[in-house]
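User: I have just opened this model and would like a friendly tour. Could you take my questions one at a time?

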Amino acid sequence: MKIKDVYCATEGRTAPRDHWNIPRGKEGACTRPPMPPGLIRQIIAGAVNDTRHADGNVTSTRMLTCPREVIILDNFPITFDPRRLHSAFIGTQVDRLIKEGSLPGEYSEVVIPPTKFFEGTKYEVEVSGAIDYLSPDAVFIDDYKFHGDRSYWYKMKSGGLSPELRAQLTFYKWGVEKNVPGAKVTKGGVWHGAMTAASVDDDAGRPETPWFYADVPFFESEEEVLRIRPSDADKKPGTQPYTVGDIILFYKAHKERVAGGMSVMESAKMVPLVGRNMFNKTKCIKYCVAQKQCDEMEGLSWGM
Ligand code: SF4
Ligand SMILES: [Zn+2]
């Protein structure tokens with residue numbers, strides 16, 4: 001991700017890139033940082049140094065999100081608002097803590113190199129990914145997810161499972177099996193965690209611990225995964241009209257247009273606005289790191 005300038009939410013304005021690098025009291029320093037400047041700098045460093053989600057790499061998570069956002073982040077410098085990456089950043093830190101506290105072999109992150117999926121179909125694509133835990137005998141995989149409070153309660157209520165999560169773990173399973181000769185992954189699961197209230201209130205059905213584990217059944221076939229509509233509305237299925245298969249085709253068409261000589265910007269504008277209908281239509285306004293650039297491409301003014 002490349003950063004052009006930043007959006008300071010508390011001052012309500014776009015500011016130069018070094019906005020939070022000027023020490024307090026010095027000319028040009030932020031008058032009211034939206035969070036501790038030391039944390040903002042870490043979030044920015046994490047975003048700029050993320051090489052896994054960069055440069056056109058298709059990862060399993062990128063097939064489950066807005067392709068327009070991914071293409072903008074890979075190609076154009078953006079106006080960065082640290083609030084939009086705060087949760088993801090904290091999640092990464094929790095992963096790191098688990099890793100550091102683990103006994104040898106207990107935590108073993110495994111990176112799946114670019115691997116062909118949906119071979120022989122029009123959806124054929126190379127996907128990479130990283131698994132939080134793969135047992136040494138390559139039989140089971142775990143994933144760690146750290147959430148905001150609300151999202152965590154929602155996961156509790158729904159048993160911790162979503163089609164996106166099942167798809168992600170299914171990709172990991174297939175990725176391991178395609179890369180490790182003889183491997184057969186038979187079991188997957190996820191740890192969901194969050195900052196929760198310390199007291200236990202059984203009447204409200206609250207858990208005794210801020211983490212819970214859920215088994216994640218794999219999908220059986222590639223067709224099932226291709227049909228998922230990522231971040232669709234549970235109560236109104238179909239609100240988000242695009243499937244994983246559609247999203248893969250959007251990436252492929254973009255690549256082909258650019259290879260054929262079209263400018264990246266012209267081609268990016270042709271990528272559908274998949275995020276518009278994700279998370280009950282809140283993905284763009286709350287969670288998209290590229291919203292300002294996307295709006296500008298659409299000729300919309302950006303009102304934050
Ligand atoms: S603003 Fe919405 S449609 Fe545009 S890139 Fe972001 S998520 Fe996608
Ligand atoms: Zn500021």
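Analyst: Happy to, and please keep in mind that this is a predicted model. A good place to start is one pair of residues in a sheet: L134 stands opposite I141 in β7.

User: Which helix packs on the sheet, touching β7 and β8?

Analyst: The helix in question covers residues 86–101, and β8 covers 187–194. Its direction makes about 135 degrees with that of β7. The helix is α3.

User: In what order do the 4 strands of the open sheet lie?

Analyst: The pairing in this sheet is mixed. One of its pairs is antiparallel, with 2 bridges joining β6 to β7, residues 140–147. The 4 strands follow the order β6-β7-β8-β9.

User: Which strands stand at the edges?

Analyst: An edge strand has a single partner strand, so one side of it is left without a neighbour in the sheet. That holds for the strand at 133–134 and for the one at 211–215. They are β6 and β9.

User: Which helix lies across β7, β8 and β9?

Analyst: This helix spans residues 149–157. Relative to β8, the helix runs at about 140 degrees. Its name is α4.

User: What supplies the largest share of the shell around ligand 1?

Analyst: Three helices each supply at least two residues of that shell: α2 (67–75), α9 (283–287) and α10 (291–297). The largest share is 3 residues, and it comes from α2.

User: Which residues come nearest to ligand 1?

Analyst: There are 13 residues around ligand 1. By type, the shell divides into 7 nonpolar, 2 polar and 4 charged. The ones that come nearest are C66, G275, C284, C288 and C294.

User: Is T51 buried or exposed?

Analyst: T51 sits in the loop between α1 (37–48) and α2. M1 is 50 residues away from T51 in sequence, yet the two are 8.6 Å apart in space, C-alpha to C-alpha. T51 has 8 C-beta neighbours inside 10 Å, and because a residue with 12 or fewer falls in that class, T51 counts as exposed.

User: What is the radius of gyration of the protein?

Analyst: The protein has 10 helices and 9 strands, and its C-alpha trace spans about 60 × 60 × 40 Å along the principal axes. With 304 residues, a compact globule would have a radius of gyration near 19 Å, so the protein's value agrees with that. The value is 20 Å.

Definitions and conventions
Residues numbered from 1 in each chain as written. Chains lettered and ligands numbered in written order. Predicted model: local features only at pLDDT ≥ 70, side-chain atom pairs only at ≥ 80, totals over all residues. Pairing = 2+ DSSP bridges. Contact = placed C-beta atoms within 7 Å. Axes fitted to C-alpha atoms, helices over the stretch in contact; angles between N-to-C directions. Near = placed C-beta within 6 Å. Nonpolar A, V, L, I, M, F, W, Y, C, P; charged D, E, K, R; others polar. Rg over C-alpha atoms; globule rule 2.2 N^0.38 Å. Buried ≥ 20, exposed ≤ 12 C-beta atoms within 10 Å, placed from the backbone.
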